[in-house]
Every structure is written in structure tokens, then in C-alpha cells.
Amino acid sequence: MQERVREYLSARLGVPDVSVSGLYRIPGGASRETWSFDAHWRDNGRDASRGVVLRRDPDASLLVTDRDVEFRVMQAVAAHGVPVPAMCWLETDGAWLDRPFFVMERIDGCETSPSKVLMDPRFLPARDRLAQQFVDILARIHALDWRAAGLGFLGTPSAEAECAMMEIEKWEAVVDRDTLEPQPVLRAAFRWLRHRLPPSPQRIVLVHADYRTGNLLCTPGGDIKGVLDWEMTHLGDPMEDVAWSCIRPWRWLGDERIGGLLEREDFYERYAQATGIDVNEEAVRFWEVLGNVKLAAIFITGARSFCDGRTRSPMMAFLGRNIARLELEVMDLMDA
């Protein structure tokens, strides 16, 4: 792998003497393989180096997503003040590394792991600052003029009222395609969702769709230097991101604090103040139900990949066993 990466960089940079060091695969990243390394070369007679992250399509994934979309969106939002790693190159075929991939700069001095961000003593003094950054950056994403940023290619809902139904149909199709057994709770949830569609959003925004502690590059000083994992991004209802941030699996400390950072009411108030968008609690409830259903659908896809023999990753198999906990949360939210 290291030699193939070196050959690729040499071709891309147009210099023969490229070296690669410290190559390792970052744990996690079930939707794409994530590799980190340092590249060194000579540029006009001077030594040059860069910390690099390479995101490669896996043999099987929790999500079937288009890496082109993730690359293009991250490029676009960077130009509008959203903190993301600088994007370098996109390769859409497997000529170099067997499968498509893209390359971006590495942001050092940060942690993404919720256990470190929320429990490492170095981060505790900056918890309040981190909480405010958490809200402010989500507000920045939702304030972005996606038309001016050239993001219309994501597919604009025909009307604000269509946002919820589009997501219901998307995730129901995933369950239909990949389920290995009857799913009575998820089927009941889809019926519940169809009968309780939320009010139309105040405006259609760029939805990150996986905005949470764990996808943020955080410093001990309380700065968020980068937002990661844009695979599911689309145009839709801002309450979708608000609710996804709130679902129980992302309340990492085992209490009710959103993302392990701030109380729900505080989150709502800060978000409304930062965006001018009112937080409708019934709409959030709808999107929380759908968020848990969506996560269950993602786990089903992982389990299907393992059972079909497309991956031997035990993580994919284990995720399929977590669906029952999500079903309990769904029933609780539906008052079932």
C-alpha cells in the first residue's frame, strides 16, 4: 500500500523523489477506509512535506454513497467559511489503489474520539467553548447559500413540504433492499412517520446529515477545526440535523446532554439565536424517530454486507446486533 501511494503522489505532484512515512489506517470509518500518512518531496530545490489523509471506498460499506459528492461538497463549503480539511485530489476509478478514493490535507493537533473530547482532562476547561462552536458551525452550514455555492446538483426538493417524505422513502428503500428478517418495529415507525409529517421547514438548507460529536476535529482549546464525514449530505429540513445531533446514541456520556456538550433546551435556544430558525419540538421528535430508523437501516446494510460475504469485518456483523436498542428508542419516542 505504501509503495502504491508513493507512486500515485509522484505522478500527481510531477516529481520523482516522493517518500511516504507513517502510513496507517485510522480505526473506524465504516463507510470509507481512512488512511493517514506524511508525504515528503523536493519542490524547486527545497524540501516539502504535508500531512495527508486518504479516503478509499471499502470492499463493503455501511453506506452506499458517492465519494464525488462528498469531495465536491467539502470543496464548496470550505470556500464559504465552514471548517473542513483542504481537498486535494479525487480519483474515481481503481487504477491506482484498486478502488476509488480522494485525498485531503490532515489537520493535526485535534481529536475526534468522543471519549477523548468529552473525558480527557485536557478538554474539560474548554467544554463551554466547544459547545458554542458546535452550535455556531451547524448554524454556519445551515446559513450557507447553497445555490451560490453551486450545490444545486444535490437535488432540490420540489417544495419544502417534500423534505420529510423524501427521507422516509430513501431509508425505507434501504430497509426493503437489505433487510435479513422481518422488521416490525421499523415498519411501524415508517407508518407513524407518514401520519405525522412535520411542518414545512422555514427554508431548505444544506443538511450535513451526520453532524455530531465524533465527526468533529476538536482541539483542547475548544476549537473545532474541521467537520468530517459528509457522505450523506443533501438539501432539506434544518431540523433533520438538529434532531440527528440529539439522538440517544450520540449522547455519549450516558446523560441527556446533546453530544455530551449541552442540555437540549440550551441547544435549541443557542441554535435559534444563531440561525433565526425556530426549533419546533414536534418536528424534532419526528426527525429523531427517523434518525433512529436511519441508523438502524445503516446497521442493516452492514449486516447484509457481512452475510453476503462482501466483507469479513466483524464490526459489520456486530452492528447488526445493535438494532434492538434503536428499536426500543423508536418505540419510546412514538409512545408505543
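This passage walks through aromatic pairs, charges over rings, a buried arginine and a helix crossing in a predicted model.

Aromatic rings make a good starting point. A pair of aromatic rings is described by the distance of the centres and the angle of the planes. Across the whole structure, the search returns 10 aromatic pairs. One of these joins Y8 and F101 in an edge-to-face arrangement, with 5.0 Å from centre to centre and 80° between the planes. This pair bridges distant parts of the chain, as Y8 belongs to helix α1 (residues 2-13) and F101 to strand β5 (residues 101-105), 93 residues apart. Y8 and F101 are both buried. A second edge-to-face pair is formed by F286 and W287, whose ring centres are 5.1 Å apart and whose planes stand at 90°. F286 has a relative accessibility of 1%, and it therefore counts as buried. W287 is likewise buried, because its relative accessible area of 3% falls under the 20% limit. Returning to Y8 and F101, these two residues also belong to a cluster in which ring pairs link them with W89 and W96.

Tryptophan rings also have charged partners in this model. R212 is placed over the face of W250, 4.0 Å from the ring centre. A lysine is found in a comparable role elsewhere: K294 lies over the face of W244, at 4.1 Å from the ring centre.

Another arginine worth a visit is R55, which sits in strand β3 (residues 46-56). Is R55 buried or exposed? With a relative accessible area of 4%, R55 is under the 20% cut-off and so counts as buried. What does the side chain of R55 contact? Its partner is the side chain of E70, with which R55 makes a polar contact at 3.2 Å.

The last feature is a meeting of helices. Two packed helices are described by the angle between their axes and the distance between the axes. For helix α6 (residues 184-195) and helix α11 (residues 323-334), the axes come within 10 Å and cross at roughly 35°. The crossing of α6 past α11 is left-handed. On the α6 side, the residues in contact are V185, A188, A189 and W192. They meet E327, V330, M331, L333 and M334 of α11.

Notes. Residues numbered from 1 in each chain as written. Predicted model: local features only at pLDDT ≥ 70, side-chain atom pairs only at ≥ 80, totals over all residues. Heavy atoms only, no water. Phe/Tyr/Trp six-rings, centres within 6.5 Å; stacked < 30°, edge-to-face > 60°. Helix = DSSP H or I, 4+ residues; strand = E, 2+ residues; numbered from the N terminus. Buried < 20%, exposed > 50% of the residue type's maximum accessible area, 1.4 Å probe, protein only. Lys NZ or Arg CZ within 6 Å of the ring centre and 35° of its normal. Polar contact = N/O pair within 3.5 Å; in protein donor to acceptor, adjacent residues only side chain to side chain. Axes fitted to C-alpha atoms, helices over the stretch in contact; angles between N-to-C directions. Left-handed = near helix turned anticlockwise from the far one by under 90°. Contact = heavy atoms within 4.5 Å.
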